[in-house]
Amino acid sequence: MRHGKIIAALSAAALALASLSGCGTETKTEDPIIEGVSGDLEIFSWWVAGSEANGLAALQGVLADKYPDVNFVNNGAATGGGSAKDVLETRMAGGNPPDSFQVHAGAEAQDYISAGQLEDVSALYDEFGLNNVFPKDLVDMLTQDGKIYTIPSNVHRSNVIWASVASLEAAGLSTEDAYYDSIDAFIAALDTAVAAGIEKPLAVGATWTQVHLLETVLMADLDQAQYNGLFDGTTDWNGDEVKAALAHFAKLMTYTNVDRDSMDWEPAMNKMFEGAAVFTIMGDWVPGALDAGNKVEGTDYLWAPSPGTKGTYGFLADSFGLTVGGPNPEAGKAWLDVISSADGQTAFNIVKGSIPARTDIDLATFPAYQQAAAESFKNDKIVGSIQHGAVATIKQGNDTGDAVSKFTTGAMDDAALATLQGELAAAYA
Ligand code: GAL
């Protein structure tokens with residue numbers, strides 16, 4: 001099936017990214033490309049708080065330099081895992097679309113393309129000189145019937161564990177290395193933390209962050225082919241591998257904070273620094289928040305691939321398009337120029353924690369985390385994120401969230417596990 005193949009092919013495409021050092025064949029002028037543009041530019045995203053808002057602000061800064069007559073109107077909504085997409089859908093259905101909106105490359109973007117909500121922006125790839133600057137397989141994820149509908153701003157990794165050094169110390173765990181080579185080894189570490197008095201050592205937030213945790217457990221317990229097979233029908237969601245992974249997920253949830261359902265990822269992550277937790281498993285939008293909070297790798301925190309996933313890169317990418325019926329399409333094009341430009345991708349990704357989607361940006365000026373992530377993207381096996389739309393459509397994502405929420409707010413016993421497995425199988429049937 002389409003996305004499984006594309007994700008597999010991204011492994012090869014990743015070789016192009018990260019190995020680059022300013023040697024692209026096409027370079028962009030930093031002069032404005034869209035001429036005479038002015039007026040409001042309405043952007044919809046879920047980058048509304050903390051470091052993510054800082055990332056958006058960095059793009060806004062590049063826009064202000066390049067297109068000073070365009071007025072940036074930030075119409076975001078919190079929580080990309082659910083409500084932001086619902087708010088967007090309501091706006092679109094009500095005939096009030098923004099000029100451009102954040103959407104994940106892959107199955108999620110295909111939803112909007114199929115619904116006829118995105119303009120074909122292939123011509124802008126020519127106009128902006130983008131045809132050779134992105135991994136081809138990433139562009140394929142944004143293409144339908146030969147037309148390209150969005151432009152990627154970044155590449156994120158989902159399967160990362162973050163740990164507070166002070167909490168590791170308090171728990172009596174290694175303060176040198178936060179990698180655990182299996183979920184069982186991680187569970188043993190969590191038991192050690194509990195025995196040391198940290199009752200809920202694994203911080204999670206609301207449902208979408210729990211689905212995020214679940215996808216990293218599937219990445220650990222299934223190999224690349226089995227994981228990809230979940231989305232092309234070749235791996236049985238009702239099978240024993242998935243059953244074992246779900247049991248691991250259920251066990252991990254017993255180590256998580258009880259107030260989880262009321263919080264987004266950043267306050268959940270901060271529990272590590274309040275001594276209430278030791279770890280969180282979250283995508284690499286975390287380093288932006290850590291940098292913004294002046295936390296130092298090695299001294300304040302450690303990161304590693306999430307348990308059991310060394311050598312695997314859980315891929316997702318944010319992208320933007322031009323909304324059909326958007327009020328100011330010329331300003332929308334200016335935005336796409338900004339987010340795809342070398343200046344825009346540099347300013348944004350340094351703050352955001354992600355790596356540029358462009359393959360011609362020298363990463364020497366990027367933080368150490370992004371340099372390491374780029375190496376992993378180059379060398380690891382690539383699998384697509386469920387929660388962040390690479391391999392799951394919006395409906396599949398919603399059904400997954402509903403099933404997981406029902407499970408984690410319920411008894412989490414064997415009967416509930418069987419129900420969860422059946423509901424997930426139905427979501428991806
Ligand atoms: C993801 C998105 C990231 C980040 C994260 C947390 O879906 O791709 O850029 O915003 O949500 O909000």
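## Rings and charges: worked exercises

The charged end of Lys 295 sits over the ring of Phe 273, 4.7 Å from the ring centre. For such a call, NZ of Lys or CZ of Arg must be within 6 Å of the ring centre and within 35 degrees of the ring normal. This is a predicted model, where local features need pLDDT of at least 70, side-chain atom pairs count only at pLDDT 80 or more, and totals for chains, interfaces and linings use all residues. Residues are numbered from 1 along each chain as its sequence is written, and side-chain values use heavy atoms, with hydrogens and water left out.

**Exercise 1. Classify the ring pairs Tyr 180–Phe 186 and Phe 320–Trp 335.**

Step 1: recall the rule. Rings of Phe, Tyr and Trp (its six-membered ring) pair if their centres lie within 6.5 Å; planes under 30 degrees apart are stacked, over 60 edge-to-face, and the rest tilted. The structure holds 20 aromatic pairs of this kind.

Step 2: apply the rule to Tyr 180 and Phe 186. Their ring centres are 5.7 Å apart and the planes stand at 40 degrees, so this pair is tilted.

Step 3: turn to Phe 320 and Trp 335. Here the centres are 5.6 Å apart and the planes meet at 85 degrees, so the pair is edge-to-face.

Step 4: place the second pair in the fold. Phe 320 belongs to strand 13 (residues 318-321) and Trp 335 to helix 14 (residues 329-340), so the pair ties together parts 15 residues apart in sequence. Helices (H or I, at least four residues) and strands (E, at least two) are DSSP runs, numbered from the N terminus.

Step 5: look around. Phe 320 and Trp 335 are both buried, where buried means under 20% relative accessible area, exposed over 50% and partly exposed in between (1.4 Å probe, protein chains only). Ring pairs also link them with Trp 47, Phe 72 and Phe 348 into a cluster.

**Exercise 2. Find which side chains Glu 108 meets, starting from His 104 and Lys 85.**

Step 1: locate His 104. This residue is in strand 3 (residues 100-104) and is buried, with a relative accessible area of 2%.

Step 2: check the polar contact. The side chains of His 104 and Glu 108 make one at 2.8 Å; the term covers N or O atoms within 3.5 Å, where within protein one must be able to donate a hydrogen and the other to accept it, and residues adjacent in sequence count only if both atoms are side-chain atoms.

Step 3: add the charge pair. Lys 85 forms a salt bridge with Glu 108, the closest N and O atoms being 3.1 Å apart. A salt bridge needs a side-chain nitrogen of Lys or Arg within 4 Å of a carboxyl oxygen of Asp or Glu.

Step 4: place the partners. Lys 85 lies in helix 3 (residues 83-93) and Glu 108 in helix 4 (residues 107-114), so the salt bridge ties together parts 23 residues apart in sequence. Both Lys 85 and Glu 108 are buried.

**Exercise 3. Trace how the salt bridge of Lys 352 and Glu 52 links the chain.**

Step 1: check the distance. The closest N and O atoms of Lys 352 and Glu 52 are 3.8 Å apart.

Step 2: compare positions. Lys 352 is in helix 15 (residues 342-352) and Glu 52 in helix 2 (residues 50-66), 300 residues apart.

Step 3: read the accessibility. Lys 352 is buried at 2%, and Glu 52 is buried at 8%.
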